[in-house]
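Here are some notes to read with the model open beside you. They start with the overall layout and then go through a few places worth a look.

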Amino acid sequence: MRFELDGLEVFFPYDRIYLEQYQYMRSLKAALDSGGHALLEMPTGTGKTVCLLSLVTSYQYANPGCGKLVYCTRTVPEMNAVMEELG
């Protein structure tokens, strides 16, 4: 699905987004727009990874000069799960 978030077209891989996910992405976008830092948290299983990747890759698409996304995990299986989520 595609939706607009504060002037940014966001590409989201699912047909539905929860309010908490939308709020998480809004906070993340505000941090990117300001060039600042963000410390965001949500409970386990609420879609943090997909929200983060959807928002950041959409932001990069709209702002090609904004820089790279470096995503780190503690283990290889965690990274594999992230890559599967990206599709």
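1. From the N terminus on, the elements of the protein chain follow the order β-β-α-α-α. That gives three helices and two strands in the protein chain. Please keep in mind that this is a predicted model.

2. On overall dimensions, the C-alpha trace of the protein chain spans about 35 × 30 × 25 Å along its principal axes. The radius of gyration is 13 Å, which agrees with the value near 12 Å that a compact globule of 87 residues would have. Of the contacts with a separation of 6 or more, 45% are between residues 24 or more positions apart.

3. Next, the surface and the charges. The protein chain exposes about 6200 Å², and carbon and sulfur atoms supply 53% of that area. Buried residues make up 24% of the 87 residues. You will find 7 positive and 10 negative side chains, and the centres of the two sets lie 3 Å apart.

4. Now to the strands. Strand β1 covers residues 2-5 and runs antiparallel to β2, with four bridges joining the two. If you would like to trace the pairing by eye, Phe3 has Val10 as its bridge partner in β2, and Arg2 is partnered there by Phe11.

5. Which side chains of β1 and β2 point to which face? In a regular strand the side chains alternate between the two faces of the sheet. In β1, Phe3 and Leu5 point to one face and are buried, while Arg2 and Glu4 point to the other and are not. Strand β2 (residues 8-11) alternates too: Leu8 and Val10 are buried and point to one face, whereas Glu9 and Phe11 point to the other and are not buried. Among the bridge partners above, Phe3 and Val10 are both residues with buried side chains, as described for β1 and for β2.

6. The turn deserves a look of its own. β1 and β2 form a hairpin with two residues between them. Asp6 sits in this loop between β1 and β2, and its phi is near 50 degrees, a positive value in a residue other than glycine. Asp6 counts as partly exposed because its relative accessible area is 43%, which falls between the 20% and 50% cut-offs.

7. Is Lys29 buried or exposed? This residue belongs to helix α1, and Lys29 is buried, with a relative accessible area of 8%. The cut-off for buried is under 20%. Leaving aside neighbours within four places in sequence, Lys29 is in contact with Leu5, Asp6, Leu8, Leu55 and Tyr59. One of these partners is the turn residue Asp6: Lys29 and Asp6 are 23 residues apart in sequence, and their C-alpha atoms are 8.4 Å apart in space.

8. Gln21 is another polar residue to check, also in helix α1. Its relative accessibility is 6%, so Gln21 counts as buried. Which residues does Gln21 contact, leaving aside its neighbours within four places in sequence? They are Phe12, Arg16, Met42, Thr46, Gly47, Val50 and Cys51.

9. Two loop residues are worth displaying as well. Ile17 lies in the loop between β2 and α1. Not counting residues up to four places away in sequence, Ile17 touches Met1, Phe3, Phe12, Tyr22 and Met25. Phe3, one of those residues, is a residue of β1 whose side chain is buried. For a sense of distance, the C-alpha atoms of Ile17 and Gly45 are separated by 14 Å, and the two residues are 28 apart along the chain.

10. The other one is Leu40, placed in the loop between α1 (19-34) and α2 (48-62). With a relative accessible area of 29%, Leu40 is partly exposed. Its contacts, not counting residues up to four places away in sequence, are Tyr24, Ser27 and Leu28. Leu40 and Met25 are 15 residues apart in sequence and 9.7 Å apart in space, C-alpha to C-alpha.

How values were computed. Residues are numbered from 1 along each chain as its sequence is written. This is a predicted model: local features need pLDDT of at least 70, side-chain atom pairs count only at pLDDT 80 or more; totals for chains, interfaces and linings use all residues. Side-chain values use heavy atoms; hydrogens and water are left out. Buried means under 20% relative accessible area, exposed over 50%, partly exposed in between (1.4 Å probe, protein chains only). Two strands pair if DSSP finds at least two bridges between them. The radius of gyration is taken over C-alpha atoms; the globule rule is 2.2 Å times the number of residues to the power 0.38. Contact means heavy atoms within 4.5 Å. Accessible areas come from the Shrake-Rupley method with a 1.4 Å probe; for residues, only the protein chains shown count as cover. Lys and Arg count as positive and Asp and Glu as negative; His and the chain ends are not counted. The place of a charge is taken as NZ of Lys, CZ of Arg, CG of Asp or CD of Glu.
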